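I opened my notebook to keep track of what I looked up here, one entry at a time.

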Number of protein chains: 2
Amino acid sequence: MNAEELLSQAKESCKKRGARFTLAREQVFKLLTRHSGAVGAYDLLDELKLIDPAAKPATIYRALDFLNKQGFVHKIESLNSFVMCHHFSECNHPVQLLICDTCGHVEEIQSSNLDLALRSMADATGFTISHQIVEAHGACQTCS
Amino acid sequence: MNAEELLSQAKESCKKRGARFTLAREQVFKLLTRHSGAVGAYDLLDELKLIDPAAKPATIYRALDFLNKQGFVHKIESLNSFVMCHHFSECNHPVQLLICDTCGHVEEIQSSNLDLALRSMADATGFTISHQIVEAHGACQTCS
DNA sequence: CGAGTAATGTTATAAAGTAAACGCTGAAAA
DNA sequence: TTTTCAGCGTTTACTTTATAACATTACTCG
Ligand SMILES: [Zn+2]
Ligand SMILES: [Zn+2]
Ligand SMILES: [Zn+2]
Ligand SMILES: [Zn+2]
């Protein structure tokens, strides 16, 4: 899935939902598609400042908040950073990430077994899951 | 597992490994055992200041770092906070947490299915896991 | 004891994230 | 067409979380 495809898919998705894909949001979206790994909000801000020198932390955080709510972007809690989702057409999918600590690449996986195992364990203790965080750190194939 | 049992177990464990369970570390350990849920480093610092007014951020972070490395305490990445582990005798176990967003209680679960599902998915893509983060947010039984 | 290492104290600062007040704008209602 | 108003963006200031750097003290072991 390349950058343009993702962008048009995002626009389409917003149109359907009546959400506004404004310039600021599109700019941040595009910046994110240029990274294959995690990007910090302030790194992103530095990049955004090159095309919009007036950008401030709130600019980035608001855009990221929107993109995250639309499911276009995932937050990586263990790195305080963000990564583009390449499967956002599959709404509300559980997020499962393999994060290479060597090269920084982030791979999003989809294991229903994993999701099931977590849900069944939660069920067993009467816990209702609203949001799950699964992040594995280590070394990717090329870095091993 | 009550507070005293945990404490003596921790002391024992340090003795075996030749790690120093110093006063500062013990104080922070004790403060943590008094919480059933997540505690922020600065909240903990406020509590510590009551018995050691000279305590500074570094004091807490160093103690937490030690306790975390010994496996006595887990960091909750999605809350930037910390929780006592009640199973630290089982060394290096994968950490899987159910976090109630209503009452703040944190339940540590042990699902080998979950661990297996993650590992097998990682294997399939040639990824070697060194550390995993599994945190589910939602509502516990009493809060549902 | 004395050298070497581990831990702590202290100060300062970096990094990440949020709040609140206010102005702009563009599309729906009148 | 004009009004109006909710959503978006800007700006300023601030809070929370975490670490760096370096001096000092405490413990361990030969
Ligand atoms: Zn995704
Ligand atoms: Zn890699
Ligand atoms: Zn544990
Ligand atoms: Zn609860």
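My entries cover the ground rules, then the DNA contacts, then the metal site.

**Ground rules.** I am working with a predicted model, where local features need pLDDT of at least 70, side-chain atom pairs count only at pLDDT 80 or more, and totals for chains, interfaces and linings use all residues. I number residues from 1 along each chain as its sequence is written, letter chains from A and number ligands from 1 in the order in which they are written, and use heavy atoms for side-chain values, leaving out hydrogens and water.

**DNA strand D.** I looked up the residues around DNA strand D (a heavy atom within 4 Å of it) and found 16; Thr22(A), Arg62(A), Tyr42(B), Tyr61(B) and Lys75(B) come nearest. Of the strand's atoms that come within 4 Å of the protein, 52% belong to sugar and phosphate. By class, I have 6 nonpolar, 3 polar and 7 charged residues on this surface (nonpolar is Ala, Val, Leu, Ile, Met, Phe, Trp, Tyr, Cys and Pro; charged is Asp, Glu, Lys and Arg; polar is the others, Gly among them).

**Side-chain contacts.** Next I checked N or O atoms in side chains: Thr22(A) has one 2.6 Å from a phosphate oxygen of DNA strand D, and Tyr61(B) has one 2.8 Å from a phosphate oxygen. For Arg62(A), the partner at 2.6 Å is a base oxygen.

**Zinc ion (ligand 3).** I found His74(B) (NE2), Cys85(B) (SG), His93(B) (NE2) and two OE entries of Glu108(B) coordinating the zinc ion at 2.0 to 2.6 Å (donors are N, O and S atoms within 2.8 Å of the metal, or 3.2 Å for Na, K and Ca; water is not among the atoms, so sites may look incomplete). Along the chain, the donors are spaced H-x10-C-x7-H-x14-E.

Definitions and conventions
Polar contact = N/O pair within 3.5 Å; in protein donor to acceptor, adjacent residues only side chain to side chain.
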